[in-house]
2 protein chains.
Amino acid sequence: MTRVTADVTFLRGYNQALVMAVGRTARTFERATVVEATGLTPQAVSKVIARLTADGLIRPAGVRRPGIGKPAVVYELVPDSRYAMGAHVARRTLRLVLVDLAGTVHRSAVSPLPRDFTPEQLLDALAAGIDTMVGIGDLRGRLTGLGIGMIGPLDHANGLVRDAHGLRHWHDVPLREIAEKHLGLPVHLDKDVTAGITAEAWRHGATFGDAALIMVESGIGGGFWLGGAAHRGAHTNAGEFGHTVVDLTGPRCVCGRHGCLEIVHQHAAEAGDITHAARVLAVGVVNLLQTLDLAHVVLAGADLLRHPQTYLSAVTEAVRADARRADWLSTRVALSSLGGDVIAAGAAMQVLDQHYGIPELAPI
Amino acid sequence: MTRVTADVTFLRGYNQALVMAVGRTARTFERATVVEATGLTPQAVSKVIARLTADGLIRPAGVRRPGIGKPAVVYELVPDSRYAMGAHVARRTLRLVLVDLAGTVHRSAVSPLPRDFTPEQLLDALAAGIDTMVGIGDLRGRLTGLGIGMIGPLDHANGLVRDAHGLRHWHDVPLREIAEKHLGLPVHLDKDVTAGITAEAWRHGATFGDAALIMVESGIGGGFWLGGAAHRGAHTNAGEFGHTVVDLTGPRCVCGRHGCLEIVHQHAAEAGDITHAARVLAVGVVNLLQTLDLAHVVLAGADLLRHPQTYLSAVTEAVRADARRADWLSTRVALSSLGGDVIAAGAAMQVLDQHYGIPELAPI
DNA sequence: AAAAATTTAGCAACAGCGTTGCGTAATAGG
DNA sequence: CCTATTACGCAACGCTGTTGCTAAATTTTT
């Protein structure tokens with residue numbers, strides 16, 4: 001989402017985004033469905049639909065015959081009218097994906113990054129990967145931009161990588177700006193876990209509730225979707241979930257504290273007790289639910305996906321067993337359906353969201 | 001904030017709310033100040049200011065002479081043009097406050113509630129308290145409504161108290177509806193800690209960043225202001241911060257888990273070691289900062305306010321000592337300036353926010 | 001076969017808000 | 001007295017959604 005002033009241009013962007021969100025979650029939709037969902041008048045919805053159709057983002061897809069009465073036109077999203085690319089920059093690998101307007105991953109490629117790679121080396125790898133994936137044809141013309149999800153800490157608003165844990169050449173790098181120059185594409189930069197949760201949000205449409213994506217991969221992190229937007233925090237540093245203390249007298253963590261979720265989980269995993277490691281993670285997840293009251297928890301990350309059912313069972317069981325839970329207090333726990341692509345795909349969807357999602361008002 | 005469709009009525013409410021937010025944080029303001037802050041054109045700001053002046057919410061307050069050039073009109077908020085009342089319903093006491101449009105507390109009264117009081121008893125106490133506080137004069141006419149902050153769990157959207165810890169007669173009580181009938185006022189209902197953080201947000205204006213209010217009073221709770229709005233969670237249950245595990249092998253908590261912040265803190269406090277209790281709370285607060293990356297933490301609650309400096313020092317020190325903190329990663333820690341009134345005052349400001357704050361768009 | 005009922009969609013004008021373009025007002029300095 | 005500077009107000013415009021109405025496309029009833 002981009003930051004805008006409240007005027008009629010905002011109204012246009014906002015209501016178009018709502019119609020597109022309806023289009024992402026339902027295979028087809030009608031004017032009446034959108035009226036119900038948005039509160040706009042039928043006439044207003046017709047106008048919005050007409051603009052989106054003219055832009056090629058949606059199209060008519062048949063009619064529904066009600067028995068008596070004029071048939072209703074049925075519309076659908078045009079998924080291949082726009083694409084975005086996403087990159088997940090990890091310490092040793094670069095994963096690139098191509099995603100369509102509906103959030104479907106069309107291509108995915110993993111390539112190695114040199115040990116302790118530099119910004120220049122990353123940009124070269126990105127350029128090569130993009131050329132390989134989309135070439136210079138028609139697809140390039142429909143490419144909205146590139147999203148980059150990477151390790152932090154970073155400053156999302158200014159497009160800066162402040163530091164990157166485990167990488168030496170990455171202090172205060174203005175990655176978004178230099179990437180836009182190098183690649184000739186709009187670039188969006190965010191923390192890996194924030195990109196990840198955006199994948200779920202984009203694909204679920206505008207009704208997606210408060211949620212977290214928990215990533216277990218070279219550490220533990222969490223991305224949050226709260227109140228209809230990604231939660232990044234005051235300094236883009238939210239999500240250091242692995243560095244929350246769950247064992248006051250526990251082992252010293254690399255962050256300097258004692259008994260952090262990450263180090264307690266790591267010790268259990270290194271001892272080979274995956275079941276215990278999963279239960280430790282579950283304690284942290286229930287802590288999140290107590291604090292934030294989330295509707296969805298998505299589990300992801302390479303280290304978790306080596307034992308997916310163990311982790312899923314442990315977390316689901318802990319959520320259910322939380323003694324205070326009444327029947328109205330439910331949280332859906334699932335493994336990410338995007339598997340290893342979740343971060344890269346989410347980064348791509350952040351680009352789509354920025355262009356076709358709900359514009360974000362900038363109060364003051 | 002109320003939930004609305006995106007049309008020109010929304011634009012009006014939104015931009016008026018921005019101007020009023022500027023008016024709350026600065027003693028006086030000018031058209032140019034609002035232009036800078038909002039992105040609107042000078043002409044648009046003039047129109048918004050004219051409407052607010054006609055409604056009596058702001059007024060001219062002199063001129064600024066720039067040397068050469070036409071003097072600029074200076075405006076100010078009219079704090080006593082509107083009031084709201086707030087109630088903090090605890091297990092044994094009812095605190096009522098009267099708050100003006102700027103968020104200033106004018107009157108405050110604490111009265112006892114009967115042990116295990118019923119909804120009827122509460123409504124009678126509220127009616128008596130309101131009559132005593134505002135009577136039937138001119139003030140009553142400027143009263144926007146009553147906010148109620150109380151213990152949960154509750155359902156904010158539907159105005160239901162689902163249960164109230166430690167009270168027997170409070171299962172699925174439609175408190176907002178019955179209070180509106182009994183008192184003849186619009187009523188807003190929310191969790192106590194959510195009301196509390198709203199007090200800080202209203203008084204700081206629209207630039208208020210991500211923040212938490214930590215309340216230590218018959219347990220530990222947290223209210224969150226995230227992304228420009230109160231965070232309530234999927235079931236209005238967010239903020240059960242005291243029931244997050246910080247000591248895996250610690251004592252069993254009333255909630256059924258082991259080593260919750262609340263029980264570990266309580267054992268330390270009962271052992272008379274307030275410094276240790278404060279340090280335990282600080283561990284929990286830093287956990288929140290790691291998870292949410294907050295700009296502000298406000299400390300409140302009767303049990304904390306018995307030893308305010310001990311708690312403030314412990315939390316401030318823990319935040320500062322967090323080894324991973326860079327100089328760009330700062331969080332302001334403070335005691336609530338509203339003292340014991342914070343919950344009731346916040347509940348009143350929720351009413352003001354609902355009427356004069358930023359309208360909340362209801363996507364779908 | 002024609003008319004009535006029902007449901008959907010489109011046209012045109014309207015309402016409201018912010019923007020644009022322009023002119024007026026209120027000063028100080030030359 | 002004129003010029004320059006800064007601020008504000010008026011009127012028309014642009015854009016979006018709303019309102020009011022008509023037309024289209026069916027099935028059912030007469």
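These are my notebook entries on a predicted model with protein chains A and B and DNA strands C and D.

**Ground rules**

I noted that residues are numbered from 1 along each chain as its sequence is written, while chains are lettered from A and ligands numbered from 1 in the order in which they are written. As the model is predicted, local features need pLDDT of at least 70 and side-chain atom pairs count only at pLDDT 80 or more, whereas totals for chains, interfaces and linings use all residues.

**Entry: chain A as a whole**

I looked up the secondary structure of chain A and got 11 helices and 17 strands. Helices (H or I, at least four residues) and strands (E, at least two) are DSSP runs, numbered from the N terminus. The radius of gyration of chain A is 22 Å and the globule rule gives 21 Å for 364 residues, so chain A is as compact as a globular protein of that length. For that check, the radius is taken over C-alpha atoms, and the rule is 2.2 Å times the number of residues to the power 0.38. The C-alpha trace of chain A spans about 70 × 55 × 40 Å along its principal axes.

I also checked burial: 50% of the 364 residues of chain A count as buried. A residue is buried if 20 or more other C-beta atoms lie within 10 Å of its own, exposed if 12 or fewer, and partly exposed in between, with C-beta atoms placed from the backbone.

**Entry: the DNA**

Which residues come nearest to DNA strand D? I found A:Thr41, A:Ala44, A:Lys70, B:Gly69 and B:Lys70, out of 29 residues around the strand. "Near" here means that the C-beta atom of a residue, placed from the backbone, lies within 6 Å of the strand. The elements giving two or more residues to this surface are α1 (8–25) and α3 (42–54) of chain A, plus α2 (31–38), α3 (42–54) and β4 (72–77) of chain B.

Then I turned to DNA strand C, which 29 residues surround, the closest being A:Gly69, A:Lys70, B:Thr41, B:Ala44 and B:Lys70. Here chain A gives two or more residues from each of α2, α3 and β4 (72–77), and chain B does so from α1 (8–25) and α3. I sorted the surface near strand C by class and got 13 nonpolar, nine polar and seven charged residues. For these classes, Ala, Val, Leu, Ile, Met, Phe, Trp, Tyr, Cys and Pro count as nonpolar, Asp, Glu, Lys and Arg as charged, and the others, Gly among them, as polar. The surface near strand D also divides into 13 nonpolar, nine polar and seven charged.

**Entry: where the chains meet**

How many residues of chain A are in contact with chain B? I got 53, and they meet 53 residues of chain B. Contact means that the C-beta atoms of two residues, placed from the backbone, lie within 7 Å. On the chain A side, α1, α2 (31–38), β13 (220–226), β14 (229–231) and α9 (274–292) each supply at least two residues. By class, that side has 28 nonpolar, 19 polar and six charged residues.

**Entry: strand β12 of chain B**

I picked out β12(B), residues 211–216: six of its six residues are buried, so the strand is largely enclosed by the rest of the structure. B:Ala211, B:Leu213 and B:Met215 point one way, and B:Ala212, B:Ile214 and B:Val216 the other.

What does β12(B) pair with? It runs antiparallel to β13(B), residues 220–226, with six bridges, and parallel to β15(B), residues 296–300, with five. Strands count as paired if DSSP finds at least two bridges between them. B:Leu213 has B:Gly223 as its bridge partner in β13(B) and stands opposite B:Val298 in β15(B). Three residues separate β12(B) from β13(B) in a hairpin, and B:Ser218 in the turn has a positive phi of about 50°.

**Entry: a sheet in chain B**

I traced an open sheet of five strands in the order β7-β6-β5-β8-β11 (chain B), with mixed pairing. Its edge strands are β7 (105–112) and β11 (187–191), each pairing on one side only. Inside, β5 (residues 83–89) and β8 (residues 143–150) of chain B run parallel, joined by six bridges, with B:Tyr83 opposite B:Leu143.
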